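Okay, thanks everyone for coming. I'd like to walk you through one model today, so have a look at the screen.

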Protein chains: 2
Amino acid sequence: MIYADRMPLTILLVDDEPLVRAGLRAVLEAQPDIEVVGEAADGAAVIPLVRRLRPDVVAMDVRMPLMDGIEATRAVLRTVPDPPKIIMVTTFENDENVYGALRAGADGFLLKRARPAEIVHAVRLVAEGDSLPFPAAVRRLAASYGENDGNAEARAVLSRAALTRREEDVLRLMTRGLSNAEIAAHLVVGAETVKSHVSSILAKLGARDRTQAVITAYESGFVSPG
Amino acid sequence: MIYADRMPLTILLVDDEPLVRAGLRAVLEAQPDIEVVGEAADGAAVIPLVRRLRPDVVAMDVRMPLMDGIEATRAVLRTVPDPPKIIMVTTFENDENVYGALRAGADGFLLKRARPAEIVHAVRLVAEGDSLPFPAAVRRLAASYGENDGNAEARAVLSRAALTRREEDVLRLMTRGLSNAEIAAHLVVGAETVKSHVSSILAKLGARDRTQAVITAYESGFVSPG
DNA sequence: GATCGTCTCCCCCGTACGGGGGGAGACCGG
DNA sequence: CCGGTCTCCCCCCGTACGGGGGAGACGATC
């Protein structure tokens, strides 16, 4: 079927790794009818973004530091009227969390090492409502593309990590408006140590600077006003 | 936020209820740099006391038997040279009299149910003079009257000098994690212009950097997560 | 034992940031 | 008319910030 849609297909990317977001964006934006309307570094930031951007599709990582894809999916479907289609993104086809996400109401499932054309295909199918890669289809996908890749998607296979305790401590103090030096004093460690933690936090949250990290902390419910 | 104290901050309490005065005194005197220099039971007694004690701040109830907070504020500002900062104290955030008092020249308002730390914070902010909240936050407060109770920090202070429209624009973009350059591009102005606005915002909010400004924006309800 | 992650601390380095000034044109209300 | 506010632009300058490395110590895990 040929679609001469004037309205581009809008999509929101949610992944804690900037690299993955950049990759997905590059692949998807190459399509004239697909428009990436937003990015988020954590699942908990999704709801406000969905409300504001109202994307057709949300491509969401399963594992993320503050709120994982399952929780986020559940939250979106529970609180947003006329919710977008949700595609779970994962590195491993046997990721048990994927099934949990699908039970939570996700519409599809996508392997990070899928080829660009496959990614585009999956997004289009899900957007059209024919929810596709379900567990059954997952096996097919895994079977067809699971063996060899060595493709450029190797970058996606990175270890993701949640914030460590210390990093949470630091982030919490960041949300109180403290400078690195002040945080160091509070935690009774060196300023260089704090800098290290801050860098890790920024990387994990996909934030460019401490301000963005604090915003993510608020948007995710890591801290709340009042 | 970190406060570098200079001279002790003197304050005069004006409330017809001894209990409230005692509560405020207890909270404020717990601070080494804050000194309650006097008390009054009615607005009518304020002027001579202010003249004699010359407090930095007057915390004044809105409603009092003989002379209410509005009248008293007006009287002080009209007759006392180099008048103190005036904080209106009230029970309800949607108290119409509060707005009247603010129009009369009060420097901020404070909810009686605010937590101690927030009361102290509010007093300090007002005393420093360079602290201000947003009309939008106040409106939102009035709208959400009766819903929640915490987060009085944001509601604690309102000032005559609010953010200008342009400053609100800039702050809003700051809360989305944009850099000065990006904000400039968004608003189609020069980067130097944005820097000016940011500096004004920081000064008005009593923030040291953009991160603190964003925090204040969240804490005040200027923006809210989800 | 070996490996891994965390926490700690250190180096260099570029730059966005924020403070300190000043100033000009437009508008509005007194 | 004038003063005040808002808007915008420019300068210099110091520094906190963040990226890029690396490394030692400790505990848990295998």
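Let me start with a question: which polar backbone atom is 2.5 Å from a phosphate oxygen of DNA strand C? It belongs to R210(B). Before I go on, keep in mind that this is a predicted model.

So, staying with DNA strand C. There are 18 residues around this strand, and the ones that come nearest are T164(A), G190(A), T193(A), K195(B) and R210(B). Of the strand C atoms that come within 4 Å of the protein, 69% are sugar and phosphate. T193(A) is a nice example, with a side-chain N or O atom 2.5 Å from a phosphate oxygen of DNA strand C. The bases get some attention too: a polar side-chain atom of K195(B) sits 2.7 Å from a base oxygen of DNA strand C. If you're looking at helices, α7 (165–174) and α9 of chain A and α10 of chain B each supply at least two residues of the surface near DNA strand C. By class, that surface has 8 polar, 7 charged and 3 nonpolar residues.

Now over to DNA strand D. Here there are 18 residues around the strand, and K195(A), R210(A), T164(B), G190(B) and T193(B) come nearest. Sugar and phosphate make up 76% of the strand D atoms that come within 4 Å of the protein. On the phosphate side, a side-chain N or O atom of T193(B) is 2.2 Å from a phosphate oxygen of DNA strand D, and G190(B) has a polar backbone atom 2.7 Å from a phosphate oxygen of that strand. For a base contact, look at S196(B), where a polar side-chain atom lies 3.1 Å from a base nitrogen of DNA strand D. The surface near DNA strand D counts 3 nonpolar, 8 polar and 7 charged residues.

Last part: how do the two protein chains meet? The contact takes 21 residues from chain A and 22 residues from chain B. About 1700 Å² is buried between chain B and chain A, with carbon and sulfur atoms giving 51% of that. Across this interface there are 7 residue pairs in polar contact and 2 salt bridges. One of the salt bridges joins R208(B) to E182(A), with the closest N and O atoms 2.7 Å apart. On the side of chain B that touches chain A, helix α11 (residues 210–220) gives the most, with 7 residues. By class, that side of chain B has 8 nonpolar, 8 polar and 6 charged residues.

That's it from me. Questions?

Terms used: Residues numbered from 1 in each chain as written. Chains lettered and ligands numbered in written order. Predicted model: local features only at pLDDT ≥ 70, side-chain atom pairs only at ≥ 80, totals over all residues. Heavy atoms only, no water. Near = heavy atom within 4 Å. Polar contact = N/O pair within 3.5 Å; in protein donor to acceptor, adjacent residues only side chain to side chain. Nonpolar A, V, L, I, M, F, W, Y, C, P; charged D, E, K, R; others polar. Contact = heavy atoms within 4.5 Å. Buried area = accessible area lost by both parts, 1.4 Å probe. Salt bridge = Lys/Arg side-chain N within 4 Å of Asp/Glu carboxyl O. Helix = DSSP H or I, 4+ residues; strand = E, 2+ residues; numbered from the N terminus.
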